[in-house]
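Here's a quick tour of the fold you're about to load, sheets and helices first, then a couple of individual residues. Have the viewer open and follow along.

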Amino acid sequence: MKCLLVSDLHYTLKQFDWVLQQAPAYDVVVIAGDHLDIASVVDLQAQITVILSYLKRMCAKTRVVVCSGNHDLDARDFHDEKYARWILRTRQFGIPTDEDSLELEDILFTICPWWDGPKRCARVGEQIERDSRKTKAQWIWIYHAPPDASPTSWSGRRYGGDAQLVEWIARFAPSMVLVGHVHQSPFQQGGSWVDRIGATWVFNPGRQLGPVPAHIILDTQARRALWASCEVVEEIALDAMAPLRPSPVREAPAWLDKRYCG
Ligand SMILES: [Fe+2]
């Protein structure tokens with residue numbers, strides 16, 4: 001399975017255009033939250049309409065999976081906790097989202113919402129527990145926040161990750177967790193786009209300006225992951241025995257789809 005991971009596009013429409021154009025080269029495109037930008041001058045409802053239109057067009061080209069991030073919360077639930085109500089409308093297009101799971105070949109995706117209070121946090125725990133009992137060869141979580149105290153949550157000054165996620169990773173040992181949220185991690189000394197916690201791979205593409213988002217390409221057959229930003233392109237073998245040391249890429253690796261344009 002070939003997967004394109006981006007996150008934190010924050011209503012950067014040129015970056016949505018790039019993802020839309022690249023989508024056919026992948027079995028699945030994952031956008032790991034923060035589709036909207038709460039600091040934008042564009043009204044939030046207008047942003048939602050535009051992003052839903054992009055996602056509808058994207059899923060006509062390939063399988064798409066999206067979760068919510070902290071910028072995506074547009075409603076309050078019965079417990080007065082914030083959540084992303086609008087993102088549930090992607091289900092109309094066949095896009096699995098918050099609290100859904102998806103089976104692709106023998107890979108199970110568990111798509112977790114951003115939680116803003118204890119009740120929603122407990123629901124995420126129940127969702128993960130429920131999916132832990134399903135049969136799967138590989139288990140991939142989509143989760144906006146990175147784990148705390150990981151290079152993937154290092155902002156350059158402090159860790160900005162989720163301590164609860166660290167506990168869930170230790171308990172359930174998923175194959176991969178695809179995250180975003182801490183934009184600077186891959187670009188900072190001491191930070192990274194990739195981490196390995198026990199048997200679990202964690203990937204955070206980070207955020208950059210410009211028409212091409214920082215992105216990660218995963219190939220579960222070739223067992224490789226590649227991170228591309230405007231500064232550098234790096235690759236790592238998904239080999240649990242190898243040291244966690246991404247290497248610079250100077251020419252496109254053979255496992256990359258020919259349609260790739262980074
Ligand atoms: Fe963000």
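Start with helix α4, which lies across β8, β9, β10 and β11 and runs at about 175 degrees to β8. Keep in mind that this is a predicted model. The strands under α4 belong to an open sheet of six strands, and there's also an open sheet of seven strands to look at.

**The six-strand sheet**
- Reading across, the strand order is β6-β7-β8-β9-β11-β10, and the pairing is mixed.
- β6 and β10 (194–197) are the edge strands, each pairing on one side only.
- From one strand to the next, the twist averages 20 degrees.
- Helix α3 also packs on this sheet: it touches β6, β7 and β8, and its direction makes about 170 degrees with that of β7.
- Strands β9 (residues 176–178) and β11 (residues 200–203) run parallel and are joined by three bridges.
- If you want a pair to click on, Leu178 has Phe203 in β11 as its bridge partner.

**Helix α3 up close**
- Does the length of α3 add up, and what should its 15 residues (118–132) span? At 1.5 Å a residue the expected figure is 21 Å, and the end C-alpha atoms are 21 Å apart, so the two agree.
- The buried residues of α3 are Arg120, Cys121, Val124, Gly125, Gln127, Ile128 and Asp131.
- Viewed down the axis of α3, those buried residues fall within an arc of 160 degrees, so they line one face of the helix.
- As background, an α-helix has 3.6 residues a turn, so residues three or four places apart point the same way.
- The buried residues of α3 pack against β5 (82–83), β6 (101–104), β7 (107–111), β8 (138–142) and α4 (163–172).
- Arg123 sits in α3 too, but at 36% relative accessibility it counts as partly exposed, because buried means under 20% and exposed means over 50%.
- Arg123 and Cys112 are 11 residues apart in sequence, with 9.4 Å between their C-alpha atoms.

**The seven-strand sheet**
- Its order is β3-β2-β1-β12-β13-β14-β15, again with mixed pairing.
- β3 (63–66) and β15 (247–248) stand at the edges with a single partner strand each, so one side of each has no neighbour in the sheet.
- β14 (residues 233–237) and β15 run antiparallel, joined by two bridges.
- Look for Glu235 here: it stands opposite Ser247 in β15.
- Helix α1 (residues 13–22) lies across β1 (2–6), β2 (28–31) and β12 (215–219), at about 175 degrees to β1.
- Helix α2 (residues 44–59) lies across β2 and β3, at about 145 degrees to β3.

**Asp106, a loop residue**
- You'll find Asp106 in the loop between β6 and β7.
- Is Asp106 buried, exposed or partly exposed? Its relative accessibility is 44%, so it counts as partly exposed.
- Leaving out residues up to four places away in sequence, Asp106 touches Lys136, Ala137 and Gln138.
- Thr135 is 29 residues from Asp106 along the chain, and their C-alpha atoms are separated by 8.4 Å.

**What the record says**
- An unreviewed UniProt entry annotates residues 1–184 as "domain: Calcineurin-like phosphoesterase".
- In the model, residues 1–184 are 28% helix and 18% strand, and the end C-alpha atoms of that span lie 28 Å apart.

Definitions and conventions:
Residues numbered from 1 in each chain as written. Predicted model: local features only at pLDDT ≥ 70, side-chain atom pairs only at ≥ 80, totals over all residues. Heavy atoms only, no water. UniProt positions renumbered as here; feature names shortened; annotations may be inferred. Helix = DSSP H or I, 4+ residues; strand = E, 2+ residues; numbered from the N terminus. Expected span 1.5 Å × (residues − 1). Buried < 20%, exposed > 50% of the residue type's maximum accessible area, 1.4 Å probe, protein only. Arc of directions from axis to C-beta. Contact = heavy atoms within 4.5 Å. Pairing = 2+ DSSP bridges. Axes fitted to C-alpha atoms, helices over the stretch in contact; angles between N-to-C directions.
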